[in-house]
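Student: Could you take me through one part of this structure slowly? I would like a close look at the salt bridges.

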Amino acid sequence: MASALAFVAVLLAAAAAATSPAAVAATTLTIQNLCPHPVWPLVTPTSGQPISDNTARLDPNSLISLAFPPTPWSGRVAARTGCDAAASPPAGCETGASPPSTVAQLSVHGGGDVATYSVSLVDGFNVPVVVSPQAVGGGQCPALGCVVDLNCDCPLGQRFSDRFSDDAACRGPPEYFKGRCPQTRTTPGDVEPVPQSCRSPGELKVIFCPPTMLTAAAAAAASDMLIRTLTP
């Protein structure tokens with residue numbers, strides 16, 4: 001009898017561990033730089049604790065992984081460019097520390113259970129960005145963002161210049177952004193035309209300057225490349 005009770009206790013403990021929040025696989029944030037120049041990721045929480053000290057420099061073809069907390073977290077990820085390489089934390093950044101900049105918006109609703117994400121051009125554009133969920137548990141998890149270098153064909157009156165370039169970033173307008181990058185949000189009330197319901201992703205990958213770098217003239221083909229839907 002005692003051995004049977006002990007066996008039942010073991011089973012109950014195993015079941016409790018499997019259903020407890022600690023047993024849920026946490027989601028990882030991976031930031032990858034495929035730009036031909038260094039970037040300094042800026043990860044800013046809007047809800048939840050900080051997950052980065054924002055001092056990392058990513059050279060071309062490098063990445064960094066950060067752990068989301070087990071509690072709900074929301075925040076923004078941007079790419080700072082042209083920063084003072086000798087400063088720590090980064091200082092004097094030409095773009096990304098403030099508008100105009102491309103922003104990945106991420107929310108993980110506790111223990112990696114459900115994730116929502118988007119790429120916003122409401123604050124302008126500085127580098128192409130795509131958010132791609134990996135190792136998902138089910139649902140609809142499209143890759144969203146913009147693979148187009150919108151700086152190249154930015155309207156003259158909307159160009160942002162720095163000490164290196166006359167087209168370091170672009171302020172808009174929203175119609176210009178949306179027409180070339182439909183899988184982004186270009187106004188505060190905007191949403192993507194692709195449904196999203198992403199469950200238990202093991203990783204949210206933010207990619208700066210994804211492999212397909214297109215000019216605005218070729219952007220129509222880019223939107224079809226970014227839709228990837230996963231079903232349970």
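Tutor: Happy to; here is a walk through the salt bridges, pair by pair. This is a predicted model, in which local features need pLDDT (the predictor's confidence in each residue, from 0 to 100) of at least 70, side-chain atom pairs count only at pLDDT 80 or more, and totals for chains, interfaces and linings use all residues. Residues are numbered from 1 along each chain as its sequence is written, and side-chain values use heavy atoms, with hydrogens and water left out.

Side chains of opposite charge can pair when their charged atoms come close. A salt bridge here is a side-chain nitrogen of Lys or Arg within 4 Å of a carboxyl oxygen of Asp or Glu. Searching the whole structure turns up four of them.

Let's begin with aspartate 190 and lysine 178, whose side chains meet at 2.8 Å, N to O. Aspartate 190 sits in the loop between α2 (174–180) and β12 (197–199), while lysine 178 belongs to helix α2, so the pair ties together parts that are twelve residues apart in sequence. Helices (H or I, at least four residues) and strands (E, at least two) are DSSP runs, numbered from the N terminus.

How covered are these side chains? Buried means under 20% relative accessible area, exposed over 50%, and partly exposed in between (1.4 Å probe, protein chains only). Aspartate 190 is buried at 14%, and lysine 178 is partly exposed at 24%.

Another salt bridge joins arginine 185 to glutamate 192 at 2.9 Å, N to O. Arginine 185 is partly exposed, at 25%, whereas glutamate 192 is buried, at 9%.

Arginine 57 also pairs with aspartate 59, their closest N and O atoms being 2.7 Å apart. Here arginine 57 is partly exposed at 39%, and aspartate 59 is partly exposed at 35%.
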